[in-house]
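Reader: I would like to learn how to read a model of this kind with some care, feature by feature. Could we begin with the general idea and then turn to the case at hand?

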Amino acid sequence: MGSKTLENENQGKQDCPSTGSCSAGGEPRGSHVSRDGDGCMGSNGATGDDDDDDDDDDDDDDHHDAAASLISTGPTSAGTGKKKKRKRPKKKKTFALKQSSPPRVPLDDLFPSGDYTPGELLDYGTSETTVRTKSSELRYNARRNLDDPTFLKNYRKAAEVHRQVRHWVQETVKPGQTLAEIAVGIDDGVRALLGNPGLKPGQSLQAGLGFPTGLSLNHCVAHYTPNPGQKDVVLQHQDVMKVDFGVQINGWIVDSAFTMSFDPTYDNLLAAVKDATNTGIRNAGIDVRISDVSAAIQEAMESYEVEIRGKVYPVKPVRDLCGHDIKHYHIHGEKTIPFIKNSIQTKMEEGEIFAIETFGSTGRGSTRDGQGVYGYGLSDNAPERVNLPLSSANRLYKTIKENFGTLVFCRRYLDHLGCDRYLAGLNCLVSNGILQSYEPLMDIPGSYSAQFEHTILLRESQKEVVSRGEDY
Ligand SMILES: [Co+2]
């Protein structure tokens, strides 16, 4: 989820993405999210340094058949001891239950041992580790959190949920589908893999969606989610779609996003933004100045241009959106990482968690609020309970506190809880400044934008790109 800079908060409205005038011509091909593996979603996760890929029996062709993909090949020789040893004994792997499509197998069943694959582990550059400005006590406290085994296990589990659900999106989402069905598919997938339907009071605070699942098309740069009862938006062949969703366990959020398109026209736009995000990740580190990360991001992004229907466009970093740190139950902490040069001397610190994301656009490279609402979140000074003249608002507030706390949520999530006729209550809470509403963020009509995002943990000895996969 993107973070807004403070300036440009209140600007004029522009149009939201509509069903559009585009025709769905041509053969839908796979998304252009580049994949360099077979997208195996077996027990080994999507990345890492595991050395037993050789026993991977993933064919990829049964992924689309929910019935066929739940194949358990049973325990290997590690289990009972009755089986004859093979010539080459398998290590580690004790099961081969596969994820279904749509994804519905809880990760607790796929990973009974709870050993989730670490994300990409990157060493800090020497220049970054020479001076540690934090006091040793603060460093110790930060380290305790990020190197706590339960904390790490849960963060990696949330990341694995993200990888498996997005794999399903990349494999199955095609033009002609509505954004509502895609969003519900992602939401339901996340809940199923976490093994938590999030229906009982307080359940979705334990584990669930990190923020409203974003499906932003074309000149809608960020923060669009389909609301219940709204006119269907149908994905078109020439659409560029940013898929941005979060998975949280115990309030620790994996915030990761990618862009998909079905038309190779936009490949360079996607490549520019992917490169910019990876450049940000490479440059991030303990005691690194945010201004240095921003400058590197801008340089990478601006080295690309994209030709769309005969016209060449520079890829512009979107200047009013930022990467951000992540705090407990707070998707946006206090630090922001712009995508253009700045003089922010603030440093990244040991023990911090960052969502490194970038947005690039062929338009103006800045956004205005669009029509409609993306989501809602408690204002900073929100009270414990409210006593407004509208009793439905008071009830709704209790539901929000109980189920979302300080997490950003959307109307779809209220529907999921079985709430109805909540709009008056929502509007009342917003107009009283208790809830904040977030609008879709639009560049100029006719422009295209892309986003890539990863969550990184600045651990003591290494940075862990926890959401890294074979796809991006
Ligand atoms: Co984000």
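Author: Six donors around a metal count as octahedral if opposite donors are over 155 degrees apart and all others lie between 65 and 115 degrees, while a six-donor arrangement that fails this test is called irregular. Ideal angles at a metal with six octahedral donors are 90 or 180 degrees. Please keep in mind throughout that what we are reading is a predicted model.

Reader: Which atoms coordinate the cobalt ion, and at what distances?

Author: The cobalt ion is held by both N and O of Met 1, together with OD of Asp 255, NE2 of His 324, and an OE atom from each of Glu 357 and Glu 453, at 1.8 to 2.5 Å. Along the chain, these donors follow the spacing M-x253-D-x68-H-x32-E-x95-E.

Reader: Is the site of the cobalt ion regular or irregular, judged by the angles among its 6 donor atoms?

Author: The angles run from 72 to 162°, and the site is irregular.

Reader: What do Glu 357 and Glu 453 tie together?

Author: Glu 357 belongs to strand β13 (residues 353-361) and Glu 453 to strand β18 (residues 449-458), so this pair of donors links parts of the chain that are 96 residues apart in sequence. Burial is read from relative accessible area, with values under 20% counting as buried. By that reading Glu 357 is buried, at 1% relative accessibility, and Glu 453 is buried as well, at 0%.

Reader: Where is His 324 found, and what does its side chain reach?

Author: His 324 is found in strand β11 (residues 321-325), and its relative accessible area of 0% makes it buried. The side chain of His 324 reaches the backbone oxygen of Ile 331 at 2.9 Å.

Reader: Turning from the metal to the nonpolar interior, how many residues has the largest nonpolar core, and which of them have the most contacts inside it?

Author: A nonpolar core is a set of buried nonpolar residues joined through their side-chain atoms. In this chain the largest one has 117 residues, and those with the most contacts inside it are Ile 186, Met 241 and Leu 429. Helix α5 (residues 149-172) gives the most to this core, with 9 residues. Beyond its neighbours up to four places away in sequence, Met 241 touches ten partners given here by name: Val 173, Leu 179, Ile 182, Leu 215, Ser 216, Leu 217, Leu 235, Phe 258, Thr 259 and Met 260.

Reader: Helix α5 also holds Arg 166; is Arg 166 buried or exposed, and which side chain does it join in a polar contact?

Author: Arg 166 counts as buried, at 0% relative accessibility, and a polar contact of 2.7 Å joins its side chain to that of Asp 471. Leaving aside neighbours within four places in sequence, Arg 166 is in contact with several residues, among them Phe 245, Ser 256, Phe 258, His 454 and Tyr 472.

Reader: How many disulfides are there?

Author: The count comes to 0 disulfides. Two of the cysteines, Cys 220 and Cys 410, are each buried, at 0% relative accessibility.

Reader: How should the chain as a whole be read, and how many helices and strands are there?

Author: The chain has 12 helices and 19 strands, and 56% of its 472 residues count as buried. Among contacts between residues at least 6 apart in sequence, 79% join residues at least 24 apart.

How values were computed:
Residues are numbered from 1 along each chain as its sequence is written. This is a predicted model: local features need pLDDT of at least 70, side-chain atom pairs count only at pLDDT 80 or more; totals for chains, interfaces and linings use all residues. Side-chain values use heavy atoms; hydrogens and water are left out. Donors are N, O and S atoms within 2.8 Å of the metal (3.2 Å for Na, K and Ca); water is not among the atoms, so sites may look incomplete. Four donors count as tetrahedral if all angles lie between 85 and 135 degrees; four count as square planar and six as octahedral if opposite donors are over 155 degrees apart and all others between 65 and 115; anything else is irregular. Helices (H or I, at least four residues) and strands (E, at least two) are DSSP runs, numbered from the N terminus. Buried means under 20% relative accessible area, exposed over 50%, partly exposed in between (1.4 Å probe, protein chains only). A disulfide is a pair of cysteine sulfur atoms within 2.5 Å. A nonpolar core is a set of buried Ala, Val, Leu, Ile, Met, Phe, Trp, Tyr and Cys residues joined through side-chain atoms within 4.5 Å. Contact means heavy atoms within 4.5 Å. A polar contact is a pair of N or O atoms within 3.5 Å; within protein, one must be able to donate a hydrogen and the other to accept it, and residues adjacent in sequence count only if both atoms are side-chain atoms.
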